[in-house]
Amino acid sequence: MSTDAQNVLDYHGSNAIFLVWKFKEGVAINDAFANICALVINLNNSAAIRFPDGGASCVMGIGHDAWLRLQLRRPLPRELAVFEPVSGKKHQAVSTPGDLHFHIRGNEKSICYDMTNALSALLQPVADCLEEVHGFRYWDGRSILGFVDGTENPQGEKRAFFGLIGDEDPAYKGGSYLFVQKYIHDLKAFNALPLHDQENVFGRSKQNDIEMSDDIKPSNSHSALANVGDDLKIVRDNLPFGNMSTNEMGTYFIAYASTFSTVKKMLDKMFIGSPEGNYDRLLDFSTPKTGTLFFVPTLSFLENPDAGDTPAEVTAQAPVETTDKSAGSLHIGNLKNETDHE
Ligand code: HEM
């Protein structure tokens with residue numbers, strides 16, 4: 001693992017707070033952004049010293065529009081763009097705004113609260129908080145629907161391979177694409193299904209979390225459609241949340257990936273279906289209320305966010321792979337020919 005990466009690869013602990021902020025119009029934001037970058041580094045260093053076993057960290061992602069407004073480095077990370085909605089015949093993955101995303105983990109709620117509070121003090125004069133979701137570990141790592149969530153995630157060294165940009169984009173090596181969606185579940189309808197039908201929604205057994213064999217797994221089950229191949233994985237860090245006063249029980253879906261195109265393939269199969277129309281049955285009980293793509297730069301980037309253009313030698317020399325790690329060949333290209341993706 002690149003030691004320069006933000007803590008995107010950690011396993012989720014017991015609690016997390018997810019925050020989406022949007023910069024206000026007509027205010028200067030660059031100084032505040034530099035201070036926020038410094039604070040993120042400070043919060044992580046401090047948590048590591050104070051609570052070495054506390055699973056506490058804060059990861060910051062930056063959205064496309066914020067990247068442009070802040071005049072951060074060019075060319076942009078090659079897949080950083082405003083998320084385009086994915087529309088199937090019945091369900092839609094919506095696109096919602098967001099300039100900065102914070103993923104704050106901690107086994108103790110207190111550290112999550114303190115980090116959130118410190119960040120908010122800097123953010124409030126220049127930005128509005130659009131989303132705040134408090135996720136928690138539900139029993140033995142289950143989603144609020146009762147099924148264990150995360151089993152097929154990459155483990156060990158594979159987490160860095162699938163979660164962090166490698167040599168294919170040298171200017172942003174160690175960075176990661178972050179895609180988030182806040183889902184609300186129709187728990188009443190899901191819980192009314194007989195156990196066998198619930199298991200068919202996921203393609204796994206509920207109690208023991210065992211995957212169905214291919215001959216009996218329904219083709220519209222979540223595990224059939226979200227799986228886009230053994231060489232195309234993402235690092236998922238979902239947590240459930242629940243609020244009785246608003247009757248909102250949900251899943252905060254959060255994925256870190258070396259390529260956004262992998263996440264997009266999964267969304268296409270889930271929402272449009274494979275073949276078209278054979279969409280993910282999980283969506284009949286799960287509605288995404290948000291959907292935003294961010295880029296998580298390295299710690300060195302946060303230390304020096306105003307560094308300006310990417311060094312010429314990086315853009316000029318580097319032969320690169322395409323973003324599709326599944327391809328049999330590496331599809332050598334050259335960053336010189338890349339555009340700014342604006
Ligand atoms: C409604 C929100 C979601 C819930 C509650 C959910 C829950 C689950 C559960 C319980 C599993 C099976 C165990 C596991 O391997 O983790 C799973 C697998 C998986 N999910 Fe989701 N998921 C959600 C949304 C998504 C989305 C939006 C994506 C991708 C964009 C995704 C990608 C995957 C992948 C890649 C797997 C592993 C499939 C395999 O290889 O078997 N999930 N999910």
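This report looks at the fold as a whole, then at helix H8, and then at the surroundings of the ligand.

## The chain overall

Keep in mind that this is a predicted model. The protein chain is built with 10 helices and 14 strands. Of its 342 residues, 42% count as buried.

Sequence distance is worth a look too: take the contacts between residues at least 6 apart in sequence, and 77% of them join residues at least 24 apart.

## Helix H8

H8 covers residues 260-272, so to speak a run of 13 residues. From first C-alpha to last, H8 reaches 17 Å, close to the 18 Å expected at 1.5 Å a residue. Right after H8 comes Gly273, with a positive phi near 105°.

How many of the 13 residues of H8 are buried? The count is 10, leaving the helix mostly covered. Among them are Phe260, Val263, Leu267, Phe271 and Ile272. Two lysines, Lys264 and Lys269, are on the buried list as well, along with Thr262, Met266 and Met270.

And what does the covering? Strands S3 (86-87), S4 (92-93), S7 (176-185), S10 (248-257) and S12 (292-296) are included, and so is helix H7 (222-226).

## Around the ligand

The ligand is surrounded by 24 residues, with Glu152, Ala226, Asn227, Met266 and Ser286 the closest. S7, H7, S10 and H8 are the elements giving two or more residues to this shell. Some names come back here: Met266 is a buried residue of H8, and S7, H7 and S10 help cover that helix's buried residues.

By chemistry, the shell splits into 11 nonpolar, 9 polar and 4 charged residues.

Notes. Residues are numbered from 1 along each chain as its sequence is written. This is a predicted model: local features need pLDDT of at least 70, side-chain atom pairs count only at pLDDT 80 or more; totals for chains, interfaces and linings use all residues. Helices (H or I, at least four residues) and strands (E, at least two) are DSSP runs, numbered from the N terminus. A residue is buried if 20 or more other C-beta atoms lie within 10 Å of its own, exposed if 12 or fewer, and partly exposed in between; C-beta atoms are placed from the backbone. Two residues are in contact if their C-beta atoms, placed from the backbone, lie within 7 Å. The expected span of a helix is 1.5 Å times one less than its number of residues. A residue is near a molecule or strand if its C-beta atom, placed from the backbone, lies within 6 Å of it. Ala, Val, Leu, Ile, Met, Phe, Trp, Tyr, Cys and Pro count as nonpolar, Asp, Glu, Lys and Arg as charged, and the others, Gly among them, as polar.
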